[in-house]
Amino acid sequence: MEISGIISAIVIGIVIGTLGRLVLPGRQRIGVLWTIVVGIVAAFVGTAVAKVLGVADTRGIDWIEWIIQIALAAVGVTALERAKARD
């Protein structure tokens with residue numbers, strides 16, 4: 001992966017993590033850095049899932065891929081919050 005791909009993955013991860021956090025009700029008790037990490041992971045995994053489903057490369061904006069990524073980010077934020085709550 002080229003440096004531009006890594007930078008764009010980080011930027012997209014920030015957006016995905018933030019959106020994933022916004023779709024959840026209530027207040028999440030995880031930090032901004034964890035949100036970014038969850039968003040980056042969700043972006044990579046969501047892209048892989050979209051490729052497997054055959055919806056990664058469509059004309060225009062890949063809405064289905066974005067929905068998959070945001071849903072994975074929401075699940076990741078919830079899982080991380082619950083794991084931290086046990087501490």
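A salt bridge is a side-chain nitrogen of Lys or Arg within 4 Å of a carboxyl oxygen of Asp or Glu. This cut-off is used in two of the views below, and the model shown in every view is predicted.

**View 1. E81, a buried residue without a salt bridge.** E81 is found in helix α3. The nearest side chain of opposite charge is R29, and it is 4.2 Å away. A salt bridge needs the two atoms to be within 4 Å, so E81 and R29 are not counted as one. Leaving aside its neighbours within four places in sequence, E81 is in contact with R27, Q28, R29 and I30.

**View 2. E65, a second residue of α3 that is buried yet has no salt bridge.** E65 lies in helix α3, which covers residues 63-85. For E65, the nearest side chain of opposite charge is K51, at 7.2 Å. Residues up to four places away in sequence are not counted among its contacts; E65 touches G46, T47, A50 and A56.

**View 3. Helix α3 and what covers its buried residues.** The helix has 23 residues. From its first C-alpha to its last it reaches 33 Å, close to the 33 Å expected at 1.5 Å a residue. Its buried residues are E65, I68, Q69, I70, A73, A74, G76, V77, L80 and E81. The cover over these buried residues includes α1 (3-22) and α2 (32-53).

**View 4. Q69 of α3 and its contacts.** Q69 is found in helix α3. Its relative accessible area is 4%, and Q69 is therefore buried. Not counting residues up to four places away in sequence, Q69 touches I16, A42, A43, G46 and T47. Q69 and A42 are 27 residues apart in sequence, but their C-alpha atoms are 5.3 Å apart in space.

**View 5. L80 of α3 and its contacts.** L80 is also found in helix α3. With a relative accessibility of 18%, L80 counts as buried, because the cut-off for buried is under 20%. L80 touches I30, W34 and V38, again not counting residues up to four places away in sequence. Between L80 and I30 there are 7.6 Å from C-alpha to C-alpha, although the two are 50 residues apart in sequence.

**View 6. Helix α2, with its buried residues packed against α1 and α3.** The 22 residues of α2 should span 32 Å at 1.5 Å a residue, and the 31 Å between its end C-alpha atoms agrees with this. Buried in α2 are T35, V38, G39, I40, A42, A43, G46 and A50. Just after α2, G54 takes a positive phi of about 80°.

**View 7. V41, a partly exposed residue of helix α2.** V41 has a relative accessibility of 47%, so it counts as partly exposed. V41 and G17 are 24 residues apart in sequence, and the distance between their C-alpha atoms is 9.0 Å.

**View 8. A nonpolar patch on the surface.** The patch is formed by I3, I6, I7, I10, V11, I14, V15, L19 and L22. Together these residues have about 770 Å² of accessible area. I10, one of the residues in the patch, is in helix α1. The relative accessible area of I10 is 38%, which means that I10 is partly exposed.

Technical notes
Residues numbered from 1 in each chain as written. Predicted model: local features only at pLDDT ≥ 70, side-chain atom pairs only at ≥ 80, totals over all residues. Heavy atoms only, no water. Helix = DSSP H or I, 4+ residues; strand = E, 2+ residues; numbered from the N terminus. Buried < 20%, exposed > 50% of the residue type's maximum accessible area, 1.4 Å probe, protein only. Lys, Arg positive; Asp, Glu negative; His and termini not counted. Contact = heavy atoms within 4.5 Å. Expected span 1.5 Å × (residues − 1). Patch = residues over 30% accessible without salt bridge, like charges linked within 9 Å, V, L, I, M, F, W, Y side chains within 5 Å. Areas by Shrake-Rupley, 256 points an atom, 1.4 Å probe, with all protein chains shown as cover.
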